[in-house]
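Reader: I am new to this structure and should be grateful for a close look at one part of it. Please take a single helix with its surroundings, and explain each term as it arises.

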Amino acid sequence: MIHTLIISHALIQHQDGVSLHPDLFAWQASLAAYKQTWFECADKNPLAWYAALCDQSPTRLLAGQCDALPQDASQYWVVSPYHATVARSNVRVYPEGLFPCSADDAAWLCGALNPLLAEDGMVLCAVGSALLLACQQPMDARPLGFGAISGQRLPGCDHEGADGGRLNRLLSEIQMLLFQHPSPSRQERGEVDVNGLWFWAPVDSCDHTDATSIAVATRNPALQSIVDGQDATVMITEVERLHELLKAEMPLPKCIVLAGAGHAVLLKKSILPTFGKRQWKATLKKRHPASKLFSMLHSQKRNHAA
């Protein structure tokens with residue numbers, strides 16, 4: 001039975017405050033019955049949320065599942081492919097929840113891009129539908145996590161770090177190559193092209209670690225590549241894929257995390273009953289640090305495991 005539901009990109013910031021993503025409107029009346037506790041929280045995608053629950057780096061979790069991890073690498077990155085649309089003055093990334101990516105797509109990207117990456121001592125490795133980059137020489141760059149990029153504009157400046165400009169130039173070369181050589185398989189399936197890659201969450205070593213494993217129900221391709229959904233007690237999803245996991249008439253779990261726009265709200269089922277149809281509204285009065293949210297989630301995880 002699912003006891004915890006985490007939904008990324010579920011909150012939208014606007015001039016009047018915070019509201020639900022439209023894909024959650026079918027659950028408004030049910031969500032209104034929950035008590036709200038608010039937190040400051042950087043935007044995360046499902047893979048990053050799972051890693052946070054495991055108290056581990058998403059890069060190390062992927063590396064632990066990689067069968068062909070290069071032995072001479074000194075740095076590793078999570079790699080997220082994306083589709084983007086060009087406006088007059090910016091490039092907007094499709095939400096990850098609307099972007100299909102299969103193991104075949106990941107293998108194709110490795111074959112298409114590794115000749116280019118090899119010139120810089122890098123290699124792209126597929127882990128199911130997920131991608132991992134291994135570098136012989138580390139890059140001093142600190143890009144945003146992909147959760148902050150999904151559904152948003154691509155940053156128009158160099159990343160932080162001495163090699164931020166170098167990373168930007170490499171990503172631009174990858175964009176150009178993918179534009180010139182789109183995936184025939186994706187075009188045959190009528191899927192949007194892969195326009196670019198985003199490198200994030202760099203780590204300097206990927207030694208074997210006994211990371212906590214949690215059974216998770218999800219439809220996110222990258223997360224599905226490293227988790228088992230059998231007997232799952234936790235569900236992690238983008239808001240756009242929630243309907244694939246949960247029908248509007250189904251009861252919601254007792255603990256729900258809605259995240260997005262730099263916020264996260266922990267919803268706990270109220271003991272007191274509620275009557276009549278209500279709409280969910282944010283009661284954002286005080287925000288706690290994200291560390292408190294993860295402490296509460298870790299404690300709940302231990303209680304259910306006991």
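Author: The part chosen here is helix H4, in which Asp105, Ala106, Leu109, Cys110, Leu113, Asn114, Leu116 and Leu117 are buried. Buried means under 20% relative accessible area, exposed means over 50%, and partly exposed lies in between, with a 1.4 Å probe and protein chains only. Helices (H or I, at least four residues) and strands (E, at least two) are DSSP runs, numbered from the N terminus.

The model is predicted: local features need pLDDT of at least 70, side-chain atom pairs count only at pLDDT 80 or more, and totals for chains, interfaces and linings use all residues. Residues are numbered from 1 along each chain as its sequence is written, and side-chain values use heavy atoms, with hydrogens and water left out.

The length of helix H4 can be checked against expectation. The expected span of a helix is 1.5 Å times one less than its number of residues. Helix H4 covers residues 103-118, and its 16 residues should therefore span 22 Å; the end C-alpha atoms are 21 Å apart, which agrees. The helix nevertheless bends by about 40° at alanine 112, and proline 115 follows within four residues. The bend at a residue is the angle between axes fitted to the seven residues ending there and the seven starting there.

The buried residues of H4 pack against several elements: strand S5 (75-82), strand S8 (122-127), strand S9 (130-135), helix H5 (164-180), helix H6 (184-188) and strand S10 (196-203). Contact here means heavy atoms within 4.5 Å.

One of the buried residues of H4 carries a charge interaction. Aspartate 105 forms a salt bridge with arginine 189, with 2.9 Å between the closest N and O atoms. Aspartate 105 lies in helix H4 and arginine 189 in the loop between H6 and S10, so the pair ties together parts that are 84 residues apart in sequence. A salt bridge is a side-chain nitrogen of Lys or Arg within 4 Å of a carboxyl oxygen of Asp or Glu. The two partners can be compared by their accessibility: aspartate 105 is buried at a relative accessible area of 2%, whereas arginine 189 counts as partly exposed at 41%. The structure holds 8 salt bridges. One of them joins the side chains of arginine 241 and glutamate 238 at 2.7 Å, N to O. Both arginine 241 and glutamate 238 are buried. Salt bridges that share partners also join Asp105, Arg186, Arg189 and Glu191 into one network.

Two of the strands packed against H4 are S8 and S9. These strands run antiparallel and are joined by 6 bridges; two strands pair if DSSP finds at least two bridges between them. Valine 127 stands opposite alanine 130 in S9. S8 and S9 form a hairpin with 2 residues between them, and glycine 128 in the turn has a positive phi of about 65°.

Strands S5 and S10, also packed against H4, bring in an aromatic pair. The structure holds 3 aromatic pairs. Among them is a pair in helix H2 and helix H9: tryptophan 49 and phenylalanine 294 are tilted, 5.5 Å centre to centre and with 45° between the planes. Tryptophan 49 lies in helix H2 and phenylalanine 294 in helix H9 (residues 290-305), so this pair ties together parts that are 245 residues apart in sequence. For the strands beside H4, the rings of tryptophan 77 and phenylalanine 199 have their centres 6.4 Å apart and their planes at 50°, so that pair is tilted as well. Tryptophan 77 lies in strand S5 and phenylalanine 199 in strand S10, 122 residues apart, and the pair thus links distant parts of the chain. Rings of Phe, Tyr and Trp (its six-membered ring) pair if their centres lie within 6.5 Å; planes under 30 degrees apart count as stacked, over 60 as edge-to-face and the rest as tilted. Tryptophan 77 and phenylalanine 199 are both buried.

To summarise the part examined, helix H4 bends at alanine 112, packs its buried residues against strands and helices including S5, S10 and H5, and holds aspartate 105, the salt-bridge partner of arginine 189.
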